[in-house]
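Colleague: I am new to this structure and would be grateful for a close look at a single part of it. Please choose one helix and describe how it sits within the whole.

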Amino acid sequence: MSRTASVSRKTNETSVSVTVDIDGTGTSTISTGVGFFDHMLDQLSRHSLIDMEIRTEGDLHVDDHHTVEDTGIAIGQAIAKALGDRRGITRYASLDLAMDETMTRAAVDVSGRPFLVWNVDFSAPKIGTFDTELVREFFNALAQHAGITLHIQNIYGVNNHHISETCFKAVARVLRTATEIDPRQAGRVPSTKGSLA
């Protein structure tokens, strides 16, 4: 069964198109007009092994907020659509991810129930020209629209680029594990309720 999906989202503020392949190899084509964000999304694709094609045109003359949030919404919707009823998936995963001086923990329940717990602080309002507060906005949009419970905690770190990057990489790795098909599930929905949501 192919676990691929495409989503298009158009508002007065942005135009977003996203295609994902859950069972990909981590290849991506990404263009949002926000260089740092493109770099983070490349990490998300590469380390989750989810192939992603993302094109966003947003009102960058205002700021990056709508572009980042609406891209997160569309990626989340595409992942949810590709997963379908989530039959046979591993469902849960957690990971501590190190990068130089930084350590970040991510845990996920691909449950159909959206929730974000965010315990990450940045020491500066920007990374280059990118607003650090938008990292949380992205993951909140992703969690809400993918239907996942997502916990992200930066345990320690100094460099804000590293803190952001470990968030994206850690989430990528837990998504990879949690969305993988578990052969022992034999195609069952991984819940005693019989459905996820």
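Modeller: The account below takes helix α3 as its subject, with the whole protein as a frame and the other helices for context.

The model is a predicted one. The secondary structure amounts to four helices and 10 strands, and along the sequence these elements follow the pattern β-β-β-α-β-α-β-β-β-β-β-α-β-α. The protein has 197 residues and a radius of gyration of 16 Å, which agrees with the value near 16 Å that a compact globule would have. Taken along the principal axes, a box of roughly 50 × 40 × 25 Å holds the C-alpha atoms. Of the 197 residues, 52% count as buried. Among contacts between residues at least 6 apart in sequence, 77% join residues at least 24 apart. The exposed surface comes to about 9000 Å², and carbon and sulfur atoms supply 47% of it. As for charge, the mean positions of the 19 positive and 25 negative charges are 10 Å apart.

Helix α3 covers residues 133-146. Its 14 residues reach 20 Å from the first C-alpha to the last, close to the 20 Å expected at 1.5 Å a residue. The buried residues of α3 are Leu 134, Val 135, Phe 138, Phe 139, Ala 141, Leu 142, Ala 143 and Ala 146. A general point about helices helps in reading that list. An α-helix has 3.6 residues a turn, so residues three or four places apart point the same way. The buried set of α3 includes Leu 134, Phe 138, Leu 142 and Ala 146, and it also includes Val 135 and Phe 139.

What lies over these buried residues? The cover includes three helices, namely α1 (35-48), α2 (65-83) and α4 (160-179), together with the strands β7 (115-119), β9 (130-131) and β10 (149-156). Just after α3, Gly 147 takes a positive phi of about 70°.

The helices that help to cover α3 may be described in turn. Helix α1 also has 14 residues, which should span 20 Å at 1.5 Å a residue; its end C-alpha atoms are 20 Å apart, which agrees. Within α1, the buried residues include Phe 36, Phe 37, Met 40, Leu 41 and Leu 44, and Asp 38, Gln 43, Ser 45 and Ser 48 are buried too. Just after α1, Leu 49 takes a positive phi of about 65°. As a general matter, most residues other than glycine have a negative phi.

Helix α2 has 19 residues and reaches 27 Å between its first and last C-alpha atoms, close to the 27 Å expected at 1.5 Å a residue. Because 15 of its 19 residues are buried, α2 is largely enclosed by the rest of the structure. Just after α2, Gly 84 takes a positive phi of about 60°. The loop between α2 and β5 (92-99) contains Arg 86, which has a positive phi of about 65° although it is not a glycine. Arg 86 counts as buried, at 7% relative accessibility. Arg 91 is found in the loop between α2 and β5 as well, and it has a positive phi of about 80° although it is not a glycine. Arg 91 is buried, with a relative accessible area of 7%.

Helix α4 holds Arg 176, which is partly exposed because its relative accessible area is 28%. Leaving aside neighbours within four places in sequence, Arg 176 is in contact with His 47, Ser 48 and Leu 49. Of these, Ser 48 is one of the buried residues of α1, and Leu 49 comes just after α1. The C-alpha atoms of Arg 176 and Thr 4 are separated by 14 Å, although the two residues are 172 apart along the chain.

Thr 4 is found in strand β1 (residues 4-10) and counts as partly exposed at 39% relative accessibility. Not counting residues up to four places away in sequence, Thr 4 touches Val 20, Asp 21 and Ala 82. Thr 4 and Ile 22 are 18 residues apart in sequence and 6.3 Å apart in space, C-alpha to C-alpha.

One position after α4 completes the picture. Ala 186 lies in the segment that follows α4 and is exposed, with a relative accessible area of 66%. Its C-alpha atom is separated by 30 Å from that of Ile 152, 34 residues away along the chain.

Definitions and conventions. Residues numbered from 1 in each chain as written. Predicted model: local features only at pLDDT ≥ 70, side-chain atom pairs only at ≥ 80, totals over all residues. Heavy atoms only, no water. Helix = DSSP H or I, 4+ residues; strand = E, 2+ residues; numbered from the N terminus. Expected span 1.5 Å × (residues − 1). Buried < 20%, exposed > 50% of the residue type's maximum accessible area, 1.4 Å probe, protein only. Contact = heavy atoms within 4.5 Å. Rg over C-alpha atoms; globule rule 2.2 N^0.38 Å. Areas by Shrake-Rupley, 256 points an atom, 1.4 Å probe, with all protein chains shown as cover. Lys, Arg positive; Asp, Glu negative; His and termini not counted. Charge placed at Lys NZ, Arg CZ, Asp CG, Glu CD.
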